[in-house]
Amino acid sequence: TKGYVFGGFTAISWASCAPNRFDKCSESFIFSLANPALQEPVKMNVKNSNHAIYNGKGFGPTFGGGHDFCIGTCANTNTNNITYCNHPGQSYEFPPGISDPQFLAGSKNFQVSNYEVFQV
């Protein structure tokens, strides 16, 4: 994603084959590690834990209601996918001094160069 490195953490399992639903997790957060708009990494805690993550068929890892960010299926090969930072700050705290809603990835639509999902 052109130098942007961001992601999220949740303590609950994510499932792409689940019925479409939001799951609650007060421990969830999203983060930005590399971003031209930020001087240093930033962690954004969940502020609406009822919409911490979204599970749905056809969705990759999705954080927030509306969604703060969503990685769509086949995101590294398909630029027509639903792969966006649509409403950052809706379910997760927005970083102080940042007003650009696309600061996580640099634009609303982007192609993922690499992503990883870990179960801890």
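These are numbered notes on the predicted model shown above.

1. Overall make-up. The protein chain has zero helices and seven strands. Read from the N terminus, the elements run β-β-β-β-β-β-β. The chain counts 120 residues, and buried ones make up 43% of them.

2. The three-stranded sheet. One open sheet has the strand order β1-β3-β4. Its pairing is antiparallel. β1 and β4 are the edge strands, and each of them pairs on one side only. β4 covers residues 42-45. Neighbouring strands here are turned against each other by 15 degrees on average, with direction ignored. As a general reminder, strands of a sheet pair through backbone hydrogen bonds, in a parallel or an antiparallel way.

3. The β1-β3 pair. β3 spans residues 29-34. It is joined to β1 by five bridges, in the antiparallel sense. To find the register on screen, start at Phe9: this residue stands opposite Phe29 in β3.

4. The β6-β7 hairpin. β6 and β7 form a hairpin, with five residues between the two strands. Gly64 sits in the turn and has a positive phi of about 95 degrees. The two strands pair over three bridges, again antiparallel. Here the register can be read from Phe59, which stands opposite Gly72 in β7.

5. The two faces of β7. Which residues of β7 point one way, and which the other? Phe69 and Ile71 share one direction. Cys70 and Gly72 take the other. All four are buried, so each has under 20% relative accessible area.

6. The largest pocket. About 910 Å³ of space lies in the largest pocket. The lining consists of 29 residues. Closest to the pocket centre are Gly8, Phe63, Glu116, Val117 and Phe118. Three elements give two or more residues to the lining: β1 (5-9), β6 (59-63) and β7 (69-72). The largest share comes from β1, with five residues. Both strands of the hairpin in point 4 are thus among the contributors.

7. Character of the pocket lining. How many lining residues of the largest pocket are nonpolar, polar and charged? There are 19 nonpolar residues in the lining. Nine more are polar, and one is charged. Glu116, named in point 6, is one of the residues closest to the centre. Glu counts as charged in this classification, so Glu116 is the one charged residue of the lining.

8. The salt bridge. The structure holds one salt bridge. Asp23 forms it with Arg21. The closest N and O atoms of the pair are 2.9 Å apart. Are the two partners buried or partly exposed? Asp23 has 15% relative accessibility and therefore counts as buried. Arg21 has a relative accessible area of 36%, so this residue is partly exposed. The cut-off for buried is under 20%, which is why the two partners fall into separate classes.

9. Lys108 and β7. Lys108 belongs to the segment after β7. At 42% relative accessibility, this lysine counts as partly exposed, because that value lies between the 20% and 50% limits. Lys108 and Phe69 are 39 residues apart along the chain. Their C-alpha atoms are separated by 9.4 Å. Phe69 is the residue of β7 that points the way of Ile71 and is buried.

How values were computed:
Residues are numbered from 1 along each chain as its sequence is written. This is a predicted model: local features need pLDDT of at least 70, side-chain atom pairs count only at pLDDT 80 or more; totals for chains, interfaces and linings use all residues. Side-chain values use heavy atoms; hydrogens and water are left out. On a 1 Å grid over the protein atoms alone, a cavity is a set of points where a 1.4 Å probe fits but cannot get out, and a pocket is an open set with protein on both sides within 12 Å along at least five of seven lines; lining residues have an atom within 4 Å of a point. Grid points are joined across faces, edges and corners, and a volume is the space filled by probe spheres set on the points. Buried means under 20% relative accessible area, exposed over 50%, partly exposed in between (1.4 Å probe, protein chains only). Two strands pair if DSSP finds at least two bridges between them. A salt bridge is a side-chain nitrogen of Lys or Arg within 4 Å of a carboxyl oxygen of Asp or Glu. Axes are lines fitted to C-alpha atoms, for helices over the stretch in contact, and angles run from 0 to 180 degrees between N-to-C directions.
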